[in-house]
Amino acid sequence: MKLKRRDLLGLGISTAALAACNKFANAPSNKSSGNLVAANTDASSAKLRLGFQPPYVAVYALREQKLLEKAFAGQSTNFEFRRMLSLKPLAEALSAGALDLGLGGTPIAAIANGQPIRIIALVERSPKTHALLVLPNSPIKKIADLKGKKLGNPSGKSYYFAIRVLERAGLKDTDVEWVQIENDAGRAALLSGAIDVWGTWDPFYASAEVAKEVVPLVDGEGYQLNYVALFGRIDYIEENPEVVQKFLQAYKQAITWAKNNRQPAVDILVKQNKLSPEAADLTLSRRNLIFEPPNNEYRQELIEQSQLLTRLGLIEQQPNWNKAIDITLAQTVAAS
């Protein structure tokens, strides 16, 4: 099930929010989309367009600390940072050529469908940032109570974490009604009763939790590793290896800055995402920032996830992870 436009409007979701969920602009705009843009129109400039989701504090640190300017000192540059609500529109933007690099969960379905995406680095391992949320007075007290209920999340039935939770409790994917709904609309849907349980992640999870509007039925610990990856279009990576490597070096520095300057990092999340200080602090506390090449643990989880998606009929074939993963750039940067 997918909530229709009129249903979302009934929940108080604006048409602008709907457009942000379902489209990406051909030309970014600070005013209309909240994108962070530092542009130079020089045709010979180094160009990079990154799509990311709001909680990744290192992206904001890149700008605040001018780390990209330092990495590309003396070189004309054109950088764009586009906020995306979830992984699906990010992968679509990459495939359409509207983005060069992406930051988020691994787009397994897109890679399995032959979209030219390559994974180049890992920047988080944060299982506790995902949760299935219910209302404090909900009759749903345990996983078994989800049978016959409406489970809303941005990925629909392909939400690996939720499937793992159900199957470990002896339930099937057909035991719940899947409602595909974006993160900015899920909270209102849960509060209004349009869905019974909301599958989401920080900062949406943290914001609703500190407001005492929801309680976690279960979080991702023990169900998924939740690696956050940097990935990009294969043609862009192969044609611009020096640009990508300099970006990775700057991103690694941003991670180090965020880990060593916790309160300023919290302040950045507050400012850039309009979070309460409590929600920003909770979000950052559940994030384990790293920088390393794709490792065997990550690869094994990708294999398990893609096997599950194949079994459920959500993808037709297993991706070739040997072709989809490149460890060389991140190895060089991690060692420097």
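Where is Pro 139 found? Select Pro 139 and you will land in the loop between strand 6 and strand 7. Before moving on, a word on what is loaded: this is a predicted model, in which local features need pLDDT of at least 70, side-chain atom pairs count only at pLDDT 80 or more, and totals for chains, interfaces and linings use all residues. Residues are numbered from 1 along each chain as its sequence is written, and side-chain values use heavy atoms, with hydrogens and water left out. Helices (H or I, at least four residues) and strands (E, at least two) are DSSP runs, numbered from the N terminus.

**Stop one: the loop**

Pro 139 has 66% relative accessibility and so counts as exposed (exposed is over 50% relative accessible area, buried under 20%, partly exposed in between, with a 1.4 Å probe and protein chains only). Now add Asp 196 to the selection: the two residues are 57 apart in sequence, and their C-alpha atoms are 9.6 Å apart in space.

**Stop two: the sheet**

Show the strands next. Five of them form an open sheet in the order 8-7-9-6-10, with mixed pairing (two strands pair if DSSP finds at least two bridges between them). Strand 8 (177-180) and strand 10 (215-219) are at the edges, each with a single partner strand, so one side of each has no neighbour in the sheet. From one strand to the next, the twist averages 30°.

Select strand 9 (residues 197-201) together with strand 7 (residues 150-153): they run parallel and are joined by two bridges. Gly 152 is opposite Trp 198 of strand 9. Then swap strand 7 for strand 6 (130-134). Strand 6 and strand 9 run antiparallel, joined by four bridges, and His 130 stands opposite Trp 201.

Is strand 9 buried or exposed? Five of its five residues are buried, so strand 9 is largely enclosed by the rest of the structure. Turn on the side chains: Val 197, Gly 199 and Trp 201 point one way, while Trp 198 and Thr 200 point the other way.

**Stop three: helices by the sheet**

Helix 9 (residues 183-192) lies across strand 6 and strand 9, and runs at about 150° to strand 9. Angles here run from 0 to 180 degrees between N-to-C directions, and axes are lines fitted to C-alpha atoms, for helices over the stretch in contact.

Select helix 8 (residues 160-168) next, where seven of the nine residues are buried. Among them are Tyr 160, Phe 161 and Arg 164. The buried residues of helix 8 pack against strand 6, strand 7, strand 8, strand 10 and helix 15 (296-311). After helix 8 comes Gly 170, with a positive phi near 85°.

**Stop four: two helix pairs**

Pick helix 12 (residues 241-260) and helix 17 (residues 328-335), which pack at about 45° with axes 10 Å apart. That angle makes helix 12 oblique to helix 17 (under 35 degrees counts as roughly parallel, over 145 as roughly antiparallel, 65 to 115 as roughly perpendicular, and the rest as oblique). Contact, meaning heavy atoms within 4.5 Å, involves residues including Val 244 and Leu 248 of helix 12 and Leu 329 and Val 333 of helix 17.

Finish with helix 13 (residues 262-273) and helix 14 (residues 277-285), packed at about 120° with axes 9 Å apart. These two are therefore oblique to each other. Their contact includes Arg 262 and Leu 269 of helix 13, along with Asp 281 and Leu 284 of helix 14.
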